[in-house]
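Here are my notes on this one, jotted down while going through the model. Have the viewer open as you read.

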Amino acid sequence: MTQYPEPEQQPSSSSHGAAYPPPPAYAPPVAAPPRARRPVALLAAVAIVAAMIGGGTAAFAERLTGTEPATGGNSVSGTNVSQSSKGTVSGVAQAVSPSIVEISATSASGDSTGSGVIITADGEIITNNHVVSGADTVKVKLSDGKTYTAEVVGTDPDKDLALIKLRGASGLKAATLGDSEDVKVGDEVVAIGSPEGLTGTVTSGIVSALDRDVAVSKDENPGQGQQGQQGQDSGQWPFEFGGQQFNGDTGSSKTTYKAIQTDASLNPGNSGGALINMDGEIIGINSAMYAPSGASGSTAGSVGLGFAIPIDTVKADLGKLRAGDAG
């Protein structure tokens, strides 16, 4: 009888013979955790919604997604103050200080020191009349230390303004003249000048009041309000306000103008310097300060009551000063 072999049996782990491992089971690829994609989808949705809402939220979404904002009509152009420091005292100081000078005037009555503002690249400088009034020689030191001789072009004692011009100057950095009619009480301001001969001193504060009727002396007295005089009251800016005299007698010859009041620290030597807004624009020429009763010389320090001639007054008077017939 013919015998056929029995069907071969697959070994199993329970067999007593040799055991073979089963073939590996099929394992489909495992997808990455979906959490990694959700923020991207969410941010994309945010960007879409932001585009519908407006530019501000869109810019926020761009920062979240790491994309750069597109340049276009909304880009901000540069001003006197760099964009990285715009609206800061340091930014204003860096931008405007090269346009502020120290003025030394000498006459038979003595020496005086004040400040001035460069308004043209060839060396036109605005200052106070009382800084250069009656001066025989005028020397000007720039922020970089260079010294020039200057000529008095025109003066206007009624507005306490003067225009001087440097000899042989060119390529200077002129300041930008703003609009004092736009100034508001509470606006932040910066003052730059040479108090007590300390060139390029920067102080800051706010506009305390507008349209103050301040009366100052028109008498020729180059020592008035300055330092280094010969036998005169040093460090005083005599002025009147509200019918009262401050810092000494203003004398019989005086003029009254409407001033910007500031609490930015002003001291002797700041006279003729700049009062500046936070965009780096000149809004006033510092011209008077209040000192405590009896104070004189180096003790006549600032108590936060300073006054500046509005720059709109300067601009209106500039043509006459250049013609030399304003005084």
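1. Let's start with one residue and work outwards. Val152 sits in strand β5. Keep in mind that this is a predicted model.

2. Is Val152 buried or exposed? Neither label fits: Val152 has a relative accessible area of 38%, and it counts as partly exposed because buried means under 20% and exposed means over 50%.

3. Which residues does Val152 touch once its neighbours within four places in sequence are set aside? The contacts are Val132, Val138, Leu163 and Ile164. There is also a C-alpha separation worth checking in your viewer: Val152 and Lys165 are 13 residues apart along the chain, with 6.5 Å between their C-alpha atoms.

4. Now for the strand itself. β5 covers residues 147-156 and pairs with β6, residues 161-166, in the antiparallel sense, with 6 bridges between them. If you want a register marker, take Thr155, which stands opposite Ala162 in β6. Helix α5 (residues 311-323) packs on this sheet, where it touches β3 (124-127), β5 and β6. The direction of α5 makes about 55 degrees with that of β6.

5. What do β5 and β6 belong to? They are part of a closed barrel of 6 strands with antiparallel pairing, in the order β1-β2-β3-β6-β5-β4. From one strand to the next, the twist averages 40 degrees. As a reminder, strands of a sheet pair through backbone hydrogen bonds, either parallel or antiparallel.

6. Further along, have a look at β9 (residues 201-217), which runs antiparallel to β8 (residues 188-193) with 6 bridges joining the two. Gly193 stands opposite Thr201 in β9. β9 is also joined to β12 (residues 254-262), again antiparallel, this time by 8 bridges. For that pairing, the register marker is Asp213, which stands opposite Lys258 in β12.

7. Finally, the chain as a whole. How many helices and strands does it have? The count is 5 helices and 15 strands. Of the 327 residues, 41% count as buried. The accessible surface comes to about 17,300 Å², and 52% of that belongs to carbon and sulfur atoms.

8. One more number for your contact-map plots: take the contacts between residues at least 6 apart in sequence, and 66% of them join residues at least 24 apart.

Note on methods. Residues are numbered from 1 along each chain as its sequence is written. This is a predicted model: local features need pLDDT of at least 70, side-chain atom pairs count only at pLDDT 80 or more; totals for chains, interfaces and linings use all residues. Side-chain values use heavy atoms; hydrogens and water are left out. Two strands pair if DSSP finds at least two bridges between them. Helices (H or I, at least four residues) and strands (E, at least two) are DSSP runs, numbered from the N terminus. Axes are lines fitted to C-alpha atoms, for helices over the stretch in contact, and angles run from 0 to 180 degrees between N-to-C directions. Contact means heavy atoms within 4.5 Å. Buried means under 20% relative accessible area, exposed over 50%, partly exposed in between (1.4 Å probe, protein chains only). Accessible areas come from the Shrake-Rupley method with a 1.4 Å probe; for residues, only the protein chains shown count as cover.
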